[in-house]
Amino acid sequence: MLRDNGRRGILHSMPFSEPSDRFTPTSPTTRMESKRAKTARGRRFLAKREPKLVENPRNALVARGQKSSALVNEILKDVFLLKKPRAVHFTRHNAVHPWEDASPLEFLCQKNDASLFAFGTHSKKRPHNLVLGRMFDHKMLDMYEFGVLHSQPMAGFAKGGVGASAESKPMVLFHGDGWEHVHQLGEVRRRRPGW
């Protein structure tokens, strides 16, 4: 192997080391070595992402689309408050279209270590749109789109304007014949996007 030492026209030869027997290109450990961290901080980071016997609680990502209405923003804020210790809320608008290309949303979920997401948008054709979904291994598992007609914020239910506490758990009630007889609604009820 030749190396330029910075001066014109002068090249020095460098010794070429032979690869060791342990790490041959056909060895299965070669792929594992590429994820080896060089610093203690990097090793701790990779150790946190390894599979565990008892998994961590699911984190949620709450984000807005390019345009969102006040109704959708209020719902996203309430979803964030329900998941608050385990949620990240993006208050700025994001140029993400989950039904067209899920990779930007997958990147955001991986960056924030979130396996659940709530995404709100508003447009003329799809007014007050809410998308709830799940990730597995930071890849899209499933997502459901809801059109919101009416919503009452959590603060409206509290006595004295306190709102919900961090210890309160939400209750989801699927009421009506549609949840029993319509196939798509039955799928949503059975899978309940993990929220």
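Q: Buried means under 20% relative accessible area, exposed over 50%, and partly exposed in between. In this predicted model, why is Glu145 counted as partly exposed?
A: Glu145 has a relative accessibility of 28%. The interval between 20% and 50% is that of partly exposed residues, so the 28% of Glu145 places this residue in the partly exposed class.

Q: What makes the contact between Glu145 and Arg126 a salt bridge?
A: The criterion is a side-chain nitrogen of Lys or Arg within 4 Å of a carboxyl oxygen of Asp or Glu. For Glu145 and Arg126 the N to O distance is 3.1 Å, so the pair satisfies the cut-off of 4 Å. Side chains of opposite charge can pair when their charged atoms come close.

Q: Why can the pair of Glu145 and Arg126 be said to tie together parts that are apart in sequence?
A: Glu145 belongs to strand β7 (residues 139-147), whereas Arg126 sits in the loop between β5 (116-121) and β6 (129-136); the pair therefore links parts 19 residues apart in sequence. Arg126 is partly exposed, at 48% relative accessibility.

Q: How many salt bridges does the structure hold, and how do you know that Glu180 and Arg189 form one of them?
A: The structure holds five salt bridges. The closest N and O atoms of Glu180 and Arg189 are 2.5 Å apart, and the limit is 4 Å, so this pair qualifies.

Q: Why do Glu180 and Arg189 fall into their accessibility classes?
A: Glu180 reaches 54%, and the exposed class begins over 50%, so Glu180 is exposed. Arg189 has a relative accessible area of 26%, which lies between the limits of 20% and 50%, so Arg189 is partly exposed.

Q: What separates Glu187 and Arg190 within helix α6?
A: Glu187 and Arg190 are three residues apart in helix α6 (residues 183-191), a separation of about one helical turn. Their side chains meet in a salt bridge with an N to O distance of 3.1 Å. Glu187 is partly exposed at 21%, whereas Arg190 is exposed at 52%.

Q: Why is the pair of Phe174 and Trp179 called edge-to-face?
A: The structure holds one aromatic pair. The ring centres of Phe174 and Trp179 lie 4.7 Å apart and the planes stand at 65°. Rings pair if their centres lie within 6.5 Å, and planes over 60 degrees apart count as edge-to-face; both conditions are met, so the pair bears that name. Phe174 is partly exposed, with 23% relative accessibility.

Q: What makes Lys48 an exposed residue, and which surface patch includes Lys48?
A: The relative accessibility of Lys48 is 63%, and the threshold is over 50%, so Lys48 counts as exposed. Lys48 lies in helix α2 (residues 40-49) and joins Arg41, Arg44 and Lys52 in a positive surface patch.

Q: What is notable about phi in Asp113 and in His128?
A: Phi of Asp113 is near 50°, a positive value in a residue other than glycine, and phi of His128 is likewise near 50°. Asp113 lies in the loop between α4 (103-111) and β5, and His128 in the loop between β5 and β6. Asp113 is partly exposed at 40%, as is His128 at 24%.

Key: Residues are numbered from 1 along each chain as its sequence is written. This is a predicted model: local features need pLDDT of at least 70, side-chain atom pairs count only at pLDDT 80 or more; totals for chains, interfaces and linings use all residues. Side-chain values use heavy atoms; hydrogens and water are left out. Patches are made of residues with over 30% relative accessible area and no salt bridge: like charges are joined within 9 Å, nonpolar side chains (Val, Leu, Ile, Met, Phe, Trp, Tyr) within 5 Å. Accessible areas come from the Shrake-Rupley method with a 1.4 Å probe; for residues, only the protein chains shown count as cover. Lys and Arg count as positive and Asp and Glu as negative; His and the chain ends are not counted. The place of a charge is taken as NZ of Lys, CZ of Arg, CG of Asp or CD of Glu. Helices (H or I, at least four residues) and strands (E, at least two) are DSSP runs, numbered from the N terminus. Buried means under 20% relative accessible area, exposed over 50%, partly exposed in between (1.4 Å probe, protein chains only). Rings of Phe, Tyr and Trp (its six-membered ring) pair if their centres lie within 6.5 Å; planes under 30 degrees apart count as stacked, over 60 as edge-to-face and the rest as tilted.
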